There are 4 protein chains.
Amino acid sequence: MPSTVHITVWNEFLQEKTDEPVRKLYPDGMHVTIANHLNAQDGITAGTATLADPEHGLTDEVLVKTDVLIWWGHRAHHEVNDEIVERVASGVRGGMGLIVLHSAHFSKPFVHLMGTSCRMDHWDENGKWEKLWLNNPTHPIVEGIKNGTVIPETEMYSEPFDVPQPDELILTSSFESGEVFRSGCVWNRGKGKVFYFRPGHETYPIFYDPNVMRVITNACRWLASGDDQHRTPNIEL
Amino acid sequence: MPSTVHITVWNEFLQEKTDEPVRKLYPDGMHVTIANHLNAQDGITAGTATLADPEHGLTDEVLVKTDVLIWWGHRAHHEVNDEIVERVASGVRGGMGLIVLHSAHFSKPFVHLMGTSCRMDHWDENGKWEKLWLNNPTHPIVEGIKNGTVIPETEMYSEPFDVPQPDELILTSSFESGEVFRSGCVWNRGKGKVFYFRPGHETYPIFYDPNVMRVITNACRWLASGDDQHRTPNIEL
Amino acid sequence: MPSTVHITVWNEFLQEKTDEPVRKLYPDGMHVTIANHLNAQDGITAGTATLADPEHGLTDEVLVKTDVLIWWGHRAHHEVNDEIVERVASGVRGGMGLIVLHSAHFSKPFVHLMGTSCRMDHWDENGKWEKLWLNNPTHPIVEGIKNGTVIPETEMYSEPFDVPQPDELILTSSFESGEVFRSGCVWNRGKGKVFYFRPGHETYPIFYDPNVMRVITNACRWLASGDDQHRTPNIEL
Amino acid sequence: MPSTVHITVWNEFLQEKTDEPVRKLYPDGMHVTIANHLNAQDGITAGTATLADPEHGLTDEVLVKTDVLIWWGHRAHHEVNDEIVERVASGVRGGMGLIVLHSAHFSKPFVHLMGTSCRMDHWDENGKWEKLWLNNPTHPIVEGIKNGTVIPETEMYSEPFDVPQPDELILTSSFESGEVFRSGCVWNRGKGKVFYFRPGHETYPIFYDPNVMRVITNACRWLASGDDQHRTPNIEL
């Protein structure tokens, strides 16, 4: 693992400005909430980037220094420039980690790296509970997470989730309304890894939940491990 | 697929004799209930075998003619002779299908073929509902099964389930008490396939449920397909 | 399986017109050679489409009737219209099979469906032998193929091959010059399947080789199986 | 990773005593050659155990302190006590790593953990070259290993190799006589991992080859990583 793990948290950063309940929860944007949490951890330093920044904040200079990129998007997937999407996908194939949060299952970089539709059967913004069950309790990503951990208020997502079979299935969620979803999945892509983590969404205090933030922090460390020796300078295989 | 699929349904056949609620549900034994259902289907012929039979009813002659073996066990896993276990495992590696039902996750043939402990986290004989969610809605095993199909009364099983990552994950169950379980899984072993199917158990009318029986019937046909050309006479690779 | 399997063979169809050794081998184009072979098989009917056709010959009307699409490309991957690529990928996710031949590892539809770079380490158009080894001798795709089958003259490809781990690894090639390559791989994508088959290329009589054509014919039948019940009319999940 | 990785090298230790060419190469036994190499590495301490020792040298006390067990067997697989096999398998499921060398593909612990026959198609003790190709060049197990690394004299093994599809395929070998073999494979079993590494055998100086020993050393470190937090005291899941 690099002695310091460098994270970039990307957010479309729209609903925090236009949607009052979201603004109240995340007045500076979800990216800032997540980055602040990460910057308080040992050995992690986190910056941010947003849709409105030039090149969406994801210049070559930024990506080359990013060990793990965290992605949140919801309303504006289609506004992300295809050239930047290719740059991000290429960065992952060159060794960068990518953490995809909740509604970013439909983000261009994730869909690009999966090669499937990434659709789900149905969803419900019902604010009921979600429970996280550990398919693989020994995985570093769930270190410190108890089997059956409850997230009190959440949006429900339901299987089938049209993704390639994960290389590692780590977490499955159940929901108060009865559905299930593969909510913690890893895929290897070139020299990099993609971690999809489901809990959401923007109208609930998901990114203040200590268990959610523990998983994200663990994932940052795990996705960055081995990065030192294998990362390619030109971010291509 | 062979023009007629030959099934053998194996049952330890103990609780139906000693346990009144089980006897009432399955007076002739679960194996007979399952075999009767299969014998009513086009192109399937099913026989039975039990623990008390000589060689547990699983002689070389029987196994060589069996395209798919269905296994139910619960109380007497340890009474199954190791030589017969090796014969069954060898038959699977030679091309025979194996369907493992509910508590047979701890049966000797299944544990032998998995190489893991096959333990789960916890369970509860609570008689509450189970819902079956389709991870892969296109798989022939779930042909005709609706996403979210309800089994009204069931025993709950909870992840983690200590098995190798399935070659195909087809079904995940949610339970009224909140847990989840990978309840429809396929593993390739040599020339044969193993299908684990969770719903149970013996105190509920699981094997009268039309959806449960549809999955089992589909699985019999799918596990037998291709068997014609690939089955090895000496039931060994 | 549909009673008749409908195949469309796509070819960029360029080198057969400009490159004398290729023209000699495939005067009407590789697509016609392959389609002629398939049309001589029971229960298969094959049409063709090329880069120069309007919409590359891959209109919605054609794709909806295509059970399995075979793809050859080499020099003009970049000339394939992105809209058609999305239409093909969407067709696969909706249940159409896709067979990707040799240098089409770099075709837009394959790269799109994999999500990786699909690069290899090195290659050599040396005209030496290739041997096909069966990792899974029971797979219907290699029915009738002997372990170690020789293709006398071939272009060599070398691992690493930057693709996601296949859902099924069926064939690995060795080469006279010492390298290896995963030459028969299956990935599930939505309701469809992708089969990559390596042997090539255009300056050798690969598509007159009876073993190569047997694998392609087997793959057409296998990729089309189950298509009846699961294909979605709007070719989307 | 534990600050010091504790390795136990197990050897049936028979042919070094009875077979002159083997004795000459490995006068103290292959286990001692391997252990000496490992003890010269930073942060690794290696002990040995053999078939003739009480409990084959694999008492509970030894296994509990072993982060990674290395296994060599060839002639006397059947002489290994089934109780010790179960103890080793249970140790792996509890978090211990297991490295299985060459002819130990037929050892009882490996066959037990795989659930397949672990047979191969054919082999030839021909003393010709083997080349190691990297399917996954980014894996820590092949850190420092060049693609196409040559082992000058080796015994050839040929696919098909009847094992479950590996969770990670890292290395494939080609042989001078034309065959291929999946020669570096990882399977997850409970909390532990199994790494099969093919090069051999006892009549060649395999365990003096710097590349072979580099892979084994890398594997010791990688299989032990994460062991601190996840190892269960009672070596059971």
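Mentor: Before reading any sheet, keep one convention in mind: two strands pair if DSSP finds at least two bridges between them. The model in front of us is a predicted one, and chain B offers a good first case.

Trainee: How many bridges join strand β1 to strand β3 in chain B, and which way do these strands run?

Mentor: Strand β1 (residues 5–11) and strand β3 (residues 68–72) of chain B run parallel and are joined by five bridges. Within this part of the sheet, W10(B) has W71(B) of β3(B) standing opposite.

Trainee: In what order do the strands of the chain B sheet follow one another?

Mentor: In chain B, nine strands make up an open sheet with mixed pairing, and their order is β2-β1-β3-β4-β9-β8-β7-β5-β6. The edge positions are taken by β2 (44–50) and β6 (149–157) of chain B, each of which has a single partner strand, so one side of each is left without a neighbour in the sheet. On average, and with direction ignored, neighbouring strands of this sheet are turned by 25° against each other.

Trainee: Which strands of chain B does helix α3 lie across?

Mentor: Helix α3 (residues 30–39) of chain B lies across β1, β2 and β3 of that chain, and the helix runs at about 170° to β2(B). Helix α5 (residues 82–93) of chain B also packs on the sheet, where it touches β3, β4 (97–101), β8 (180–189) and β9 of chain B, with a direction that makes about 115° with that of β9(B).

Trainee: How does one check the length of a helix, and what span should helix α7 of chain B have?

Mentor: The expected span is 1.5 Å times one less than the number of residues. Helix α7 (residues 210–224) of chain B has 15 residues and should therefore span 21 Å, which agrees with the 21 Å between its end C-alpha atoms. In chain C, helix α7 (residues 210–224) likewise has 15 residues, an expected span of 21 Å and end C-alpha atoms 21 Å apart.

Trainee: Which residues of α7(B) are buried?

Mentor: It helps to recall that an α-helix has 3.6 residues a turn, so residues three or four places apart point the same way. The buried residues of α7(B) include V212(B), V215(B), I216(B) and A219(B), and among them are also R221(B) and W222(B). For α7(C), the buried residues include V212(C), I216(C), C220(C) and L223(C).

Trainee: What should I look for in the backbone angles?

Mentor: Most residues other than glycine have a negative phi, and most peptide bonds are trans. With that in mind, consider C118(A), a residue other than glycine whose phi is positive, near 60°, and which is found in the loop between α6 (108–114) and β5 (123–134) of chain A. H102(C), which is not a glycine either, has a positive phi of about 45°, and its place is the loop between β4 (97–101) and α6 (108–114) of chain C.

Trainee: Why does C118(A) count as buried?

Mentor: C118(A) counts as buried because it has 23 C-beta neighbours inside 10 Å, and H102(C) counts as buried because it has 24. R23(A), in helix α2 (residues 20–25) of chain A, counts as partly exposed because it has 15 such neighbours. If residues up to four places away in sequence are left out, R23(A) touches E16(A) and K17(A).

Trainee: Which peptide bonds are cis?

Mentor: One of them is the bond from G200(A) to H201(A), with omega near 15°, and another is the bond from G200(B) to H201(B), with omega near 10°. H201(A) belongs to the loop between β9 (192–197) and α7 (210–224) of chain A, while H201(B) belongs to the loop between β9 (192–197) and α7 of chain B.

Trainee: How many residues does each chain bring to the contact of chain D with chain B?

Mentor: Chain D brings 17 residues and chain B brings 18 residues. On the side of chain D that touches chain B, the elements giving two or more residues are α6 (108–114) and β8 (180–189) of chain D, and the residues of that side divide into five nonpolar, seven polar and five charged.

Trainee: What turn lays chain D on chain B?

Mentor: A turn of 180° with a shift of 0.0 Å along the axis lays chain D on chain B with an RMSD of 0.0 Å. The two copies are thus related as by a two-fold rotation axis. Of the residues of chain D, G115(D) comes closest to that rotation axis, at 2.6 Å (C-alpha), and the same surface serves both copies, as 100% of the contact residues of chain D recur in chain B.

How values were computed
Residues numbered from 1 in each chain as written. Chains lettered and ligands numbered in written order. Predicted model: local features only at pLDDT ≥ 70, side-chain atom pairs only at ≥ 80, totals over all residues. Helix = DSSP H or I, 4+ residues; strand = E, 2+ residues; numbered from the N terminus. Buried ≥ 20, exposed ≤ 12 C-beta atoms within 10 Å, placed from the backbone. Contact = placed C-beta atoms within 7 Å. Nonpolar A, V, L, I, M, F, W, Y, C, P; charged D, E, K, R; others polar. Least-squares fit on C-alpha atoms with pLDDT ≥ 70 in both. Axes fitted to C-alpha atoms, helices over the stretch in contact; angles between N-to-C directions.
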